[in-house]
Amino acid sequence: MTQYFGTDGVRGRVGEAPMTVDFALRLASAAARVLAPDGGRVLIGKDTRVSGYMFESALEAGFVAAGVDVMLIGPLPTPGIAYMTQRLSCRFGVVISASHNRYEDNGIKFFDSSGSKLSDEVEREIERLLDGAVVTRDSQRLGRALRIDRSRTQYQEFCASTIPAGMSLAGFKIVVDCANGAGYKVAPRVLADLGAEIVPIGCSPNGRNINDGCGSMAPELLQLTVPGVRAQVGLALDGDGDRVVMVDELGRCVDGDQLLYILACAQRDAGMLKGPVVGTVMSNLGLEHAFAKHGIEFRRAQVGDRYVLAMLHQVGGNLGGETSGHILCLDKTTTGDGLVSALQVLAVMKSSGAGLAELCAPMQKYPQVLLNVRVARRFDPLTIPSVIEMIGSLERRFDGRGRIVLRASGTEPVIRVMVEGYDAGLVKSAARDIAAEVESVAAKAAGTAAAPAGS
């Protein structure tokens, strides 16, 4: 177990532990000693949160003091930092972002020299050094800092290269929502360079509007805009650009499970699908059943792209993802990339001549309800006898045609309650009953009333 690193780096409310300037300075010093003990270069990127400036400066100071040269590339999607870390031969890369969270939060996550996320062992080694003093090398061994903002065009060129050579998106009218986040420059430019007509929304960041009523977590404006401007398709990234959801020509949202279905079927038909497709315990049961009809093997990993990635490596697969739109196309890149994933779907649409609605129609989603129970501290709900008893009773009512998943979030102090099944009414009532029981347990443990569940 790690004290600070969660499923996706360190994250929290700005100004509260651990997301303080002092902690960022110590984290940089510790990371430099583990990841670049003999010097080298680190790439630092960020999203558009106003707090990114102070964390960028703190990390820069810690790395330079530890003898590491710093390259500052400014706002760029998280997968762009992964790619550029490898492209620029850096010892490691750092992203300052809290992904889909609002601007009051921020986070710090790392990539190794290959553009992959750090292992648990490396994260534990960094944490072991956090309580030590910040290291400052002799003056002749200090690092330097350099801004390389214009290098983002190399990432744009890479994204465009992931669709078949010579393919144009001319004839497509695409609404692109960048969540006022890290992709606000590169995503519209890549799509326009490929010939598409672009209608941008959520592309005017001001430091405080990231993920605010826009992006993959709030696609309602996108759903209204796509049919409103008669576009063929819309796509919405999250704040750091590693997730994508899409909207079909009728204004209906197409989530990560449906995108995974489209990509897996296209790869299978082209003879390019390797190994099982990997989803998570939260992937819709309809996806599993649709894959079974097509003879596509499907596996479930824990929630979190790092666990999907680990299972893909384990089973020799090249395609996986989460319902949230975090898709891993390992034949294209090393990490989840919202723009690259969207481009693969657009390429399928272009080559097949089919619309998004037609491509995902064969996958019938089961009714699903997800409730978040806010708690004072995380705990494992599956260790509580009353919760276990309630789940057992409800599963017997589903009679094999439904699923119940409870888990503690790795990024927020909430317990996630997911119920899905053939009967929408039973799904809704079961989710509410379980959430109420978890609330009761949490309230008793904290000695105060728990916050109400919300979707």
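This passage describes two helix pairs and four individual residues in a predicted model.

Two helix–helix contacts were examined. Helix 1, spanning residues 21-35, packs against helix 2, spanning residues 52-65, at an angle of about 40°, and the axes of the two helices are 8 Å apart. The crossing of helix 1 and helix 2 is right-handed. On the side of helix 1 the contact is formed by Val21, Ala24, Leu25, Ala28, Ser29, Ala31 and Ala32, and these residues meet Met54, Phe55, Ala58, Leu59, Ala61, Gly62 and Phe63 of helix 2. By residue class, the contact of helix 1 with helix 2 consists of 12 nonpolar and 2 polar residues, with no charged residue taking part.

In the second pair, the axes of helix 8 (residues 256-269) and helix 11 (residues 338-352) come within 10 Å and cross at roughly 55°. Because an angle of this kind falls outside the ranges counted as roughly parallel, roughly antiparallel or roughly perpendicular, helix 8 and helix 11 are described as oblique to each other. The crossing in this pair, helix 8 with helix 11, is left-handed. Helix 8 contributes Leu259, Ile262, Leu263 and Ala266 to the contact, whereas helix 11 contributes Ser341, Gln344, Val345 and Val348. The residues of this contact between helix 8 and helix 11 comprise 6 nonpolar and 2 polar ones, and again no charged residue is included.

Attention then turned to individual positions, beginning with strand 18. Glu420 is located in this strand, which covers residues 414-421, and its relative accessibility of 0% places Glu420 in the buried class, for which the limit is under 20%. The side chain of Glu420 takes part in polar contacts with two other side chains, one with Gln368 at 2.8 Å and one with Asn284 at 3.3 Å. When residues up to four places away in sequence are set aside, the residues touched by Glu420 are Ser283, Asn284, Leu285, Pro367, Gln368, Phe398, Gly402, Arg403 and Val427; both partners in the polar contacts, Asn284 and Gln368, therefore belong to this set of neighbours.

Ser409 is situated in the loop that links strand 17 (402-408) to strand 18. Although this residue lies in a loop, Ser409 is buried, with a relative accessible area of 2%. The side chain of Ser409 is joined to that of Arg416 by a polar contact of 3.1 Å. Beyond its neighbours within four places in sequence, Ser409 is in contact with Arg378, Val414 and Arg416.

Two further positions were considered, one buried and one exposed. Ala301 belongs to strand 13, which runs over residues 298-301, and is counted as buried at 5% relative accessibility. Its contacts, leaving aside neighbours within four places in sequence, are with Val278, Gly279, Thr280, Val281, Tyr307, Val308 and Met311. The C-alpha atoms of Ala301 and Gly321 are 9.6 Å apart in space, while the two residues are 20 residues apart in sequence.

Asp193, by contrast, is exposed, since its relative accessible area is 63% and the exposed class begins over 50%. Asp193 is placed in helix 6, which comprises residues 186-193. A separation of 8.3 Å was computed between the C-alpha atoms of Asp193 and Ala160, which are 33 residues apart along the chain.

Note on methods
Residues are numbered from 1 along each chain as its sequence is written. This is a predicted model: local features need pLDDT of at least 70, side-chain atom pairs count only at pLDDT 80 or more; totals for chains, interfaces and linings use all residues. Side-chain values use heavy atoms; hydrogens and water are left out. Helices (H or I, at least four residues) and strands (E, at least two) are DSSP runs, numbered from the N terminus. Buried means under 20% relative accessible area, exposed over 50%, partly exposed in between (1.4 Å probe, protein chains only). A polar contact is a pair of N or O atoms within 3.5 Å; within protein, one must be able to donate a hydrogen and the other to accept it, and residues adjacent in sequence count only if both atoms are side-chain atoms. Contact means heavy atoms within 4.5 Å. Axes are lines fitted to C-alpha atoms, for helices over the stretch in contact, and angles run from 0 to 180 degrees between N-to-C directions. Angles under 35 degrees count as roughly parallel, over 145 as roughly antiparallel, 65 to 115 as roughly perpendicular and the rest as oblique. A crossing is left-handed if the near helix is turned anticlockwise from the far one by less than a right angle, and right-handed if clockwise. Ala, Val, Leu, Ile, Met, Phe, Trp, Tyr, Cys and Pro count as nonpolar, Asp, Glu, Lys and Arg as charged, and the others, Gly among them, as polar.
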